[in-house]
Amino acid sequence: MTQWQERKTVGDAHEEHVATALRQHGWTVHPCGQGTYPPAIQDALRHTRSALRQFPDLIAARNGELVTIDAKDRMPSTHTDRYAISTATLNAGLLFTAAHAPTPLYYVFGDMKVLTPSEIHHYAAHTRTHRSGSWVMVSTRQAHAFHTVFGTTAALAA
């Protein structure tokens, strides 16, 4: 199995975990983005720098509210309490939210904490960048609990 296939397997499992959690919080969820394209298009996208590569993984609605989600597993650093987000992903997220306002985009990390591209951009401006320059680092303490963004399952019973 290639490194990309391994990452894809982990990413797909996290995406399904996030979709299930959203459904438990009363959201209707549907896949979108690169993972929904035929293999030939996915392969072609892998060889480009197009922002379509970082299109959100999921779209969800509840009570007339619409959101998009990019599931980001394996993103907290294994040695620090920070998330590592690629600058390409962050730039694509900022472009997406500007182009599709007021539809929000949320990154849901492997620990089920949540940040927006704007928050990451703001918090990363106040931290050191990764030595490669290809990643921004944001403290996990800055992230929001899943239920504070998407509601609680208890709220559904009310």
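From the N terminus on, the elements of this chain run α-β-α-β-β-β-α-β-β-α-β-β-α-α, which amounts to 6 helices and 8 strands. Keep in mind as you look around that this is a predicted model. Buried residues make up 37% of the 158 residues in the chain. Of the contacts with a separation of 6 or more, 67% join residues 24 or more positions apart.

Let us start with the sheet. Here 6 strands form an open sheet with mixed pairing, in the order β1-β2-β3-β5-β6-β8. At the edges you will find β1 (28-31) and β8 (144-145), each of which pairs on one side only. Further in, β3 and β5 pair in the parallel sense over 5 bridges, and the bridge partner of A71 in β5 is V108. Helix α3 (residues 87-99) lies across these two strands, β3 and β5, and runs at about 145° to β5.

V108 also leads us to the packing. The largest nonpolar core has 17 residues, and V108 is among those with the most contacts inside it, together with V18, L22, I69, F146 and F150. At least two residues of this core come from each of α1 (3-24), β2 (58-62), β3 (65-72), β5 (105-109) and α5 (146-150), with α1 giving the largest share, 4 residues. Another core, of 13 residues, lies apart from it and includes Y107, F109, V138 and A143. For a closer view of the 17-residue core, try F146: leaving aside neighbours within four places in sequence, F146 is in contact with A21, L22, H25, V108, M112, V114 and G151.

Now for the charged side chains. A search of the whole structure finds 4 salt bridges, and three of them make a nice tour. R23 and E16 meet at 3.7 Å, N to O; R23 is partly exposed, with a relative accessible area of 42%, and E16 is partly exposed too, at 45%. K72 and D70 form a salt bridge with their closest N and O atoms 3.4 Å apart. Both ends of this one are buried: K72 has 14% relative accessibility and D70 has 3%.

The salt bridge of R141 with D81 has its closest N and O atoms 2.2 Å apart. Because R141 lies in the loop between β7 (135-139) and β8, and D81 in the loop between β3 and β4 (82-86), the pair ties together parts that are 60 residues apart in sequence. R141 counts as exposed at 64% relative accessibility, while D81 is partly exposed at 34%.

Finally, step back to the surface: the chain exposes about 9100 Å², and carbon and sulfur atoms supply 55% of it.

How values were computed. Residues are numbered from 1 along each chain as its sequence is written. This is a predicted model: local features need pLDDT of at least 70, side-chain atom pairs count only at pLDDT 80 or more; totals for chains, interfaces and linings use all residues. Side-chain values use heavy atoms; hydrogens and water are left out. A nonpolar core is a set of buried Ala, Val, Leu, Ile, Met, Phe, Trp, Tyr and Cys residues joined through side-chain atoms within 4.5 Å. Buried means under 20% relative accessible area, exposed over 50%, partly exposed in between (1.4 Å probe, protein chains only). Contact means heavy atoms within 4.5 Å. Two strands pair if DSSP finds at least two bridges between them. Axes are lines fitted to C-alpha atoms, for helices over the stretch in contact, and angles run from 0 to 180 degrees between N-to-C directions. Accessible areas come from the Shrake-Rupley method with a 1.4 Å probe; for residues, only the protein chains shown count as cover.
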